[in-house]
Amino acid sequence: MTMDNLHSPEEYNYDPSDLERYYRASQVIEATSHHQQTVEEQMKALESRHAVEIFQKQLDLLKERLFNNPAMFRSIFIEEGIDAIAAEFKKEEMSSEFVHKFWTLLLQGDAMSIVLMRFVWDVPLKFKRRFITAIDKHLSDRYPMFQGLSQNWPSQNNIPPYIRPADERNKDFDLVNQGYLGYMGLGYSFREVELFVWLEVLRDKQCDDRPCEIGISCGKPEPKGGCPVKIHIPEMLHCLGEGRFEEAYAIIRDSNPLPNVTGRVCPQEHQCQGVCTLAERPMEIGQVEWYLPQSRKVQNPDALFQIASDYVSPWKEGKKPPIAVVGSGPAGMINAYLLLKEGFPVTVFEAFHELGGVLRYGIPEFRLPNELIDDVIKKIKQLGGEFVTNFLVGKTATLAQLKEAGFWKIFVGTGAGLPKFLNVPGEHLNGVMSANEFLTRVNLMQAHKEDYETPLPDIDGKKIIVIGGGNTAMDAVRTAKRLGGDVTIVYRRTREEMPVRVEELHHALEEGIALKVLRTPIEFRGDSHHFVKEAVLDVMTLGEPDASGRRSPVHTGHTETIQIDLAIMALGNTSNPIVKDAEPGLKTTKWGSIEVKPNSQETSIDNVFSGGDAARGGSTAIKAAGDGLSAAREINANLPEEPLAIRKMISKAIHYTRQGQAKAVIREKRLLADGIVEFVVESPLIARSARAGQFVRVLAWAKGELIPLTLADWDARRGTITLVVQGLGTSSMVINNMAEGEAFHGIAGPLGLPSHLQRYENGETVVFTAGGVGLPPVYPIMREHLQMGNHVTLISGFRSKGHIFWSKSDERVGRLQARYPNTLDVIYTTNDGSMGFKGFVTGPLLKLLEKERDGQGRKIGEVVTIGPPLMMRAVSDLTRPFGVRTIASLNSIMVDATGMCGACMVPVTVKGKMVRKHACIDGPELDAHIIDWEKFMPRFMQFRTKELKSMEKHGLKV
């Protein structure tokens with residue numbers, strides 16, 4: 001025996017039980033081996049059978065699906081769970097344990113929770129009620145908004161959006177109605193807020209006749225209620241009910257690119273919610289509309305701005321002709337967005353320096369945050385949309401000129417226009433203004449902020465009345481309240497007749513604003529400084545209904561006098577005449593709004609469309625958006641088929657667009673006299689359209705104020721305009737400190753009516769009296785008169801010889817003298833007698849008038865006076881007894897300078913009655929003899945105190 005075969009004694013020690021188990025197992029195998037072999041043979045034989053082949057294929061398919069979609073494992077077990085849940089829903093009362101567990105599953109926001117949401121959405125109403133009763137009973141301690149929810153649910157009760165407390169919100173401009181997302185500020189999670197929205201949607205009846213979307217037929221061209229932009233509301237609510245939030249948002253987005261705007265300001269109680277079958281407590285459709293885009297943005301700040309990576313700007317793609325959209329309000333923006341989506345290159349032209357139209361200048365941020373407007377603008381830019389600001393159709397260019405610039409079709413959405421006034425005594429007083437002006441100063445120009453320059457009347461602690469009962473009145477009154485005013489709404493009917501949105505009036509009254517009904521001002525009285533101090537109110541009662549169906553106010557013969565410091569008129573608007581006056585072929589209604597063809601948005605001018613307030617004369621943002629949508633559909637018809645022609649149009653249009661976007665860069669600067677500076681500024685579109693007598697609206701820097709400056713000259717070939725600025729206040733002094741190469745923040749124009757030039761055939765002279773910087777605006781007008789063959793006499797007055805400019809032979813007036821030696825007489829006056837006549841321009845003018853009266857001098861055709869108001873009044877008073885026609889060019893206080901605000905009011909007397917004229921619309925040249933100078937001149941001093949404070953703040957010499 002070898003060593004390899006030797007083993008230690010331990011190797012032979014073992015457990016006998018192991019041997020026993022082994023033996024038994026071997027016996028089982030031996031006993032079953034025959035049976036196993038038989039089964040294997042049977043299975044092998046069956047595998048070729050047809051039924052087994054089908055089963056095997058289905059099994060393989062199931063394996064593949066489960067591998068690719070593991071969630072299917074869960075769904076296999078969901079049916080059994082749903083059966084259990086259904087059983088719980090069938091009970092008369094759900095247990096606390098079940099409700100808490102069910103709600104926990106809903107909060108997970110996963111596939112299981114979506115299944116549960118769909119389950120609840122699909123169950124009959126009585127089971128929904130049981131669920132609402134259960135969460136009311138068992139979850140109200142965690143969610144106070146559930147307390148009492150089950151009472152009269154769904155018709156009379158719901159979870160409302162979050163409204164900030166009145167005593168908190170009436171001191172700032174933060175959003176008041178914060179919607180369902182506002183609950184996140186109270187500590188609730190995003191998913192909890194989603195469920196609040198879902199609970200609101202559970203109230204929906206899914207009406208077959210879809211009144212919220214298409215309205216109710218009422219025998220009129222437009223149905224009662226419904227959605228002007230045709231959002232598929234039932235489908236949207238259905239998606240939300242099943243937990244498909246993304247799909248719900250897509251439904252809105254495809255119909256309306258402005259949901260986060262229209263959802264905030266649309267009067268839903270008159271549209272979709274106004275015809276909701278849940279009449280006592282309509283569905284919160286507007287809040288849901290606003291929630292969907294904003295909730296996407298909360299989750300992902302860029303969610304609203306995602307487009308396909310291969311998207312090509314229509315300007316580059318070049319397949320469709322370019323479109324001009326005039327106005328960036330709701331009508332213009334939805335029109336531009338939809339046309340861009342259809343592949344049209346679009347340029348939007350806006351009159352202000354900021355985009356958004358009435359959405360920005362008219363609606364306060366506590367109702368519509370500017371962030372939402374900016375989102376829409378960003379969407380349009382992302383699609384290739386171009387914007388040109390400070391552009392006024394009818395002034396900067398006519399519709400015909402836009403077509404010549406390459407634009408195939410034009411959509412005009414310029415808004416309503418001129419504010420209405422009462423035309424009662426004392427309305428000229430300082431402290432009486434339109435709501436348009438007040439809101440523009442605050443919303444657009446940020447006048448209530450310390451670092452902005454636009455002045456605002458004193459409001460903190462002052463007694464303020466707002467006259468009117470519409471949404472604009474509420475915006476004005478609630479803005480004044482936030483600025484510290486003691487504010488009262490004055491309305492000539494009762495509260496029930498007020499056209500304001502119910503929500504806005506309710507919020508205003510909550511915020512501590514008083515309401516004085518059945519009253520209307522019949523007179524304003526002022527103090528010795530020409531500021532309003534009292535309002536005399538006519539006491540009214542209600543008579544028979546008027547044309548609108550509301551009962552008409554009737555005089556009672558009684559009056560009431562109240563103390564006030566500021567009166568704000570919110571009485572609606574009349575149509576601005578700028579567009580129609582520039583377009584003879586454009587038909588307008590008897591109210592001055594643009595007329596459109598039946599069942600169309602096209603105007604009387606081919607390929608020109610209109611909508612919104614420009615065509616309606618005053619309406620709502622959502623109806624304006626609906627018009628923009630309808631016009632986009634019309635524009636998208638009958639496309640030209642010539643690719644070469646389209647490319648040429650695009651080339652011209654983008655060139656014109658770039659000219660409009662050119663910065664107003666200072667190309668030349670020249671000091672004319674102490675505090676007087678001449679600027680040559682790049683502004684190609686204004687230079688192309690400028691005419692003698694017109695002016696521009698200038699914003700020197702982003703936080704500055706809008707000021708009017710008369711055009712002293714222009715050069716269309718160079719694309720420049722000439723401005724002469726005298727440093728008298730903060731804005732003008734800051735401008736005069738600007739250097740060549742710097743740019744103004746914005747220049748708009750040319751504005752106002754050009755001078756009315758008459759050819760005098762009998763040798764009459766046209767006399768110009770120019771005081772100081774009145775010479776620059778005089779210069780282009782007298783040049784026009786000289787070019788048409790008239791004789792001109794210029795009387796140019798300055799403080800002293802050192803302040804005279806443009807008089808040398810190589811300067812403007814000197815060059816005119818050399819060119820027209822026989823038809824231009826120039827007379828200089830100085831206050832100190834250092835050059836020419838000593839004294840004022842009235843001295844030489846009186847001599848001319850007396851010579852003409854005595855038959856010794858040249859006959860005077862007319863007198864044109866431009867300069868300080870005191871000088872213009874003196875000239876007017878001087879010429880009146882002589883019966884000589886006298887024209888005054890008024891550089892009045894202005895804000896927008898397009899007629900929209902009414903700030904540049906000029907009181908004139910016609911047939912013994914005071915009538916309002918507006919320097920920016922009816923002027924700047926007006927008949928000096930009908931101007932009520934006594935009432936007009938104090939208006940120049942209404943913000944003098946604010947101006948002095950501003951100059952002190954900037955360290956400028958007063």
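The following legends describe close-up views of a predicted model.

**View A. A five-stranded open sheet with parallel pairing.** The strands of this open sheet follow the order β6-β13-β7-β8-β9. Its edges are formed by β6 (432-434) and β9 (514-517), each of which pairs on one side only. On average, neighbouring strands are turned by 25 degrees against each other, direction ignored.

**View B. Pairing of β7 with β13, and the helix lying across β6 and β13.** Strand β7, comprising residues 463-467, runs parallel to strand β13, comprising residues 566-569, and 4 bridges join the two. Within this pairing, Ile464 is placed opposite Leu566 of β13. Helix α19 (residues 435-444) lies across β6 and β13, and its direction makes an angle of about 80 degrees with β6.

**View C. The stacked aromatic pair of Phe344 and Trp408.** A search of the whole structure yields 31 aromatic pairs. In the pair formed by Phe344 and Trp408, the ring centres are 6.4 Å apart and the planes differ by 5 degrees, so the pair counts as stacked, the cut-off being under 30 degrees. Phe344 belongs to the loop between α15 (330-341) and β2 (346-349), and Trp408 to the loop between α18 (399-404) and β4 (409-412); the pair therefore ties together parts that are 64 residues apart in sequence. Phe344 is buried, its relative accessible area being 0%. Trp408 also counts as buried, at 14% relative accessibility, because the limit for this class is under 20%.

**View D. An aromatic cluster.** One cluster is formed by the aromatic residues Trp103, Tyr143, Phe146, Tyr162, Tyr183, Tyr188 and Phe196.

**View E. Lysine side chains over aromatic rings.** Lys128 lies over the face of Trp121, 5.9 Å from the ring centre. In a further example, the charged end of Lys378 is positioned over the ring of Phe305, at 4.1 Å from its centre.

**View F. The surroundings of Tyr760.** Tyr760 is located in the loop between β22 (746-751) and β23 (765-771). The residue is buried, with a relative accessible area of 7%. Leaving aside residues up to four places away in sequence, Tyr760 touches Val766, Asn790, Gly861, Glu862 and Arg885. The C-alpha atoms of Tyr760 and Asn790 are 6.0 Å apart in space, although 30 residues separate the two in sequence. Two polar contacts of the Tyr760 side chain are shown: one reaches the backbone oxygen of Gly861 at 3.5 Å, and the other, of 2.5 Å, joins Tyr760 to the side chain of Glu862.

How values were computed:
Residues are numbered from 1 along each chain as its sequence is written. This is a predicted model: local features need pLDDT of at least 70, side-chain atom pairs count only at pLDDT 80 or more; totals for chains, interfaces and linings use all residues. Side-chain values use heavy atoms; hydrogens and water are left out. Two strands pair if DSSP finds at least two bridges between them. Helices (H or I, at least four residues) and strands (E, at least two) are DSSP runs, numbered from the N terminus. Axes are lines fitted to C-alpha atoms, for helices over the stretch in contact, and angles run from 0 to 180 degrees between N-to-C directions. Contact means heavy atoms within 4.5 Å. Rings of Phe, Tyr and Trp (its six-membered ring) pair if their centres lie within 6.5 Å; planes under 30 degrees apart count as stacked, over 60 as edge-to-face and the rest as tilted. Buried means under 20% relative accessible area, exposed over 50%, partly exposed in between (1.4 Å probe, protein chains only). A charge sits over a ring if NZ of Lys or CZ of Arg is within 6 Å of the ring centre and within 35 degrees of the ring normal. A polar contact is a pair of N or O atoms within 3.5 Å; within protein, one must be able to donate a hydrogen and the other to accept it, and residues adjacent in sequence count only if both atoms are side-chain atoms.
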